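I opened the notebook to record what I looked up in this structure, entry by entry. The entries follow the order in which I checked things.

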Amino acid sequence: MLNKYPAWKNILVVLVVMLGFLYSVPNLFPDDPALQISHEANPVNEADLAVITTALEAAQIDFFGETLQDESALVRLTSLDDQLRAKSAIEEALSDQHIVALNLAPTTPEWMRSIGAGKMNLGLDLQGGVHFLMEVDLEAALERRMEDNLSNIRSILRSARIRSSGLTLVSNSHIEIQFADEDTRSSARSELRDGFPELLFQTRSDNGQAILDLRLTEDTQLQIQRDTLQANRTTLLSRVDSLGVAEPTVQQQGSDRIVVELPGMQDPAQAIRILQRIATLEFHLEAQVGASPLSYETFEYEGRMINVDNDVILHGDRVSDVVATLDENGLPQVSISLDAQGGQQINRVTRNNVGRQMDILLIETKSRTVLALDENGERVDEVEFYEEARLISHATIQTALPRQFRITGLSQREANGLGELIRSGSLAAPMTIVEQSVIGPSMGRENLEQGFTAVTIASILIVIFMLFYYRLFGIAANAALIMNILLIIAVMSTLIPATLTLPGIFGIVLTVGMAVDANVLIFTRIREELKGGMSPQQAIDAGYNRAFTTILDANLTTFLVAVVLFTIGTGPVKGFSVTLMIGIITSMFTSIVGTRALVNAFYGGRTVQSLSIGGKQTSQLKTSEAS
Amino acid sequence: MIAEYKIDFMGKRRIAAIFSGVLVVISLGSLLFNSLQFGLDFTSGTSVRLTYAEAIVVPQVNEMLRDNGYEDAVVVTFGSDRDIRILLPVDEEVAPGEQAAQALVAGEKIVDVLREASGMEIQLLGSDYVSAKVGEELAEQGGLGMLVALGIIMIYIAVRFQFKFSVGAVAALAHDVIITLGVFSVFRLEFDLTVLAALLAVIGYSLNDTIVVSDRIRENFRRMRVGTPEEMINTSLNQTLSRTLITSLTTLLVLVTTLIVGGESIRGFALALTIGVVIGTYSSIYISSSTLLFMKVTREDLMAPVKEGEELDGMP
């Protein structure tokens, strides 16, 4: 029978409509302003929560729904204006190790969250905050590595008593050594060969000089750059955590950039100062029993208190490479390589201290808000920077340590974590900010409201137009249009962790304009077939079928364009292409399958004299249904 | 087949060709001599957005800034008469690493300076800093993206239709992009990243239009037993005309609404798309079809391996 959908197709349409509705509805629940309190090392406990509530009561700030979850505490506030005041009140009451972050807590019902229904993430341009694009100086990392190699080569040649007539760093990946004759060169070569697996050895002669070229292999260069970027990212992550921002993003972009997004951050100057600081590393010995309390400082390490001697054996800038690997027995270890001078330093100290403990301290710059009095005697928040040292390794010196040594007795996870921390304190390269954007909260809200208004008004105009032009069929198209917007929102809220940005709203706007195109194509085709003399039922069927290839071709090519935009674009271009792609897929479904289901439900399976599709309709020719 | 309209589009294709030719030449000329008014995204520097408690006059703000040592600052309004944007070029004397921090301070300093000079309440809405390096890369990406997109489209159309259609479609897309860019150049409109995105969307839209027309041309070439290619293309254009106009109308409804209520941040985008849609509608009628005639498209070109009834297989 013409124009009857099988039951499964109708059920599919109803199911998609219901899912679309269910998963887009959470966006209607406004978030509560909230504060999230965590501790640098330990989970937040009931006692802390009691301190928090007392502090808020004392400051006369309305709050509710205080809970402990995932090792941190969450307190909801009744007003956004209270957020900052509440933050400083809590910070004052708790220890310095507590981090208080501004947050927004969802108010969607529990059962909705349990089926994964949530809100769309809003981009910075819609909620306000700070965006940085930081460029990591990878060349500097390569240069440092080669300078280490250079100084090592020099000391090896010197101790082997081989004379070179020139030792130069030609580029960041190329060292050139000149010798008086080939014999000297070949003895130098055999002396150096084993120590530098990452270098490629080549010989040539120039002006009677025998020259040895040492080049970093492609692989090693890439590895160094990857490690450096990872080190910088780790550093940034820990730094961002201390800023007390609810949901920060720290992401690699391209081969040498890192994007940092801090939603809700209102003081970019503080952010910049803290983000550009690089962590440092110090190697110490553990203080001996009975040492004067003035000669050591006490740190906590895995629940024990360790006294660390004040003398620094070695600074992090002497570290040239750190890798977490497996030793010859397959046990996890962290292998640390030092430069020539660092090797001598550590060897000198450890030679006489075998059996004692060596400690590694990671020193980071952090910030905190303190209350101060301004010139008028009023209390104002001030940002204060301080250095914080953390004991990250405590290990026994088993032998006089050479230039390359290792820390063993760790689990795989500990080894990876330690490797990352040491790297962040020693290998991070300098960063510069190449793009920065500060969006005030009012600006963000305005963007969101205006974008939303544009989508709403445009949709209403189209709905009216379609209704007048296509009558009953227009209603079907309008239902599809609304469904389409709901589906885009549902997909963006749930399936894809996409972030809605201003260009993303453009994408939705454009989709709204173009989504009705499929229906226009179908309906004009149906009108045409009616005029050509088909019966209404045949015209519906022919209209849908004949327009289908056209719609498919048109949408597929546009989709291809969107994919190209997505793969090569960044930032706004990417946000736009995501919504465009989602919109194309959902609109194909709603405007073809969705409207057909409605049209079939109305006209299918009965004798119809004319269709309510607008336009002048010539009297129908009496052709049999099944021609 | 009875078409609702009977307009002899192809008979006037020479006039259209001259019209398009003139527009393209003007656009290219203007792009060459006038270039584009690149926004902050593509140049570099700092942009500071401020909102005043009451209406202000731009020349006054300009003067206040000059008096306080900001000779190179450019002031533009955005949105209402209370909101302004101040553009500052990159300070060459500051080291690249410090520029971002410097830019931030600049925003706060300017607010202080203007507050003092005008005695009005001013709020800092936000600020942006872009290094020239990023802008250059973005422009490169955009250009590359456009070329890649055009290449992929040519291949797709050559496979689905025929090579002559590829040339027609790409000619129409290039036509639309060049003229849209030309309008931005002639009227010195700001060309920023959102406009670039819009340009890419114009490609998508114009392509959509061209494909719909090409699809009908293919169908008619296979179905109609009599008639010259010119007549068949004319029939196809007339048959698709009402759809072409309605879709352009609905899309323009959306775009004009966005232009009016969407706010300043969307304006460039909506404007570029509006221009693109108008030109794209025209080009889907004239450019791609004229190209087909110019390349002497024949019925044999489309008697491809696909069978007549093929399109009935992919039922929704």
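Which domains does the domain assignment of chain B give? I found domain 1 (10-39 + 134-303) and domain 2 (45-130), the bounds coming from an automatic or database domain assignment. I noted that the centres of these two domains of chain B, taken over C-alpha atoms, are separated by 40 Å.

Before going on, I wrote down that this is a predicted model, in which local features need pLDDT of at least 70 and side-chain atom pairs count only at pLDDT 80 or more, whereas totals for chains, interfaces and linings use all residues. Residues are numbered from 1 along each chain as its sequence is written, and chains are lettered from A and ligands numbered from 1 in the order in which they are written.

Next I looked up the interface, taking two residues to be in contact if their C-beta atoms, placed from the backbone, lie within 7 Å. I found 66 residues of chain A in contact with 62 residues of chain B. Helix 14 of chain A gives the largest share of the chain A side, 17 residues; helices and strands here are DSSP runs (H or I, at least four residues, and E, at least two), numbered from the N terminus. That side of chain A divides into 40 nonpolar, 18 polar and 8 charged residues, where Ala, Val, Leu, Ile, Met, Phe, Trp, Tyr, Cys and Pro count as nonpolar, Asp, Glu, Lys and Arg as charged, and the others, Gly among them, as polar.

I then checked for strand pairing across the chains, which requires that DSSP find at least two bridges. Strand 21 of chain A and strand 5 (residues 122-130) of chain B run antiparallel and are joined by 5 bridges, and A:I439 stands opposite B:G126 in strand 5 of chain B.

Within chain A, I recorded that the C-alpha centres of domain 3 and domain 4 lie 32 Å apart, and that their contact takes 7 residues from each of domain 3 and domain 4.

Lastly I looked at backbone angles, since most residues other than glycine have a negative phi. A:R471, in helix 12 of chain A, has a positive phi of about 50 degrees although it is not a glycine. B:K296, in the loop between helix 8 (264-294) and helix 9 (299-302) of chain B, has a positive phi near 55 degrees. I counted 16 other C-beta atoms within 10 Å of A:R471, which is partly exposed, and 9 for B:K296, which is exposed; buried means 20 or more such atoms, exposed 12 or fewer, and partly exposed in between, with C-beta atoms placed from the backbone.
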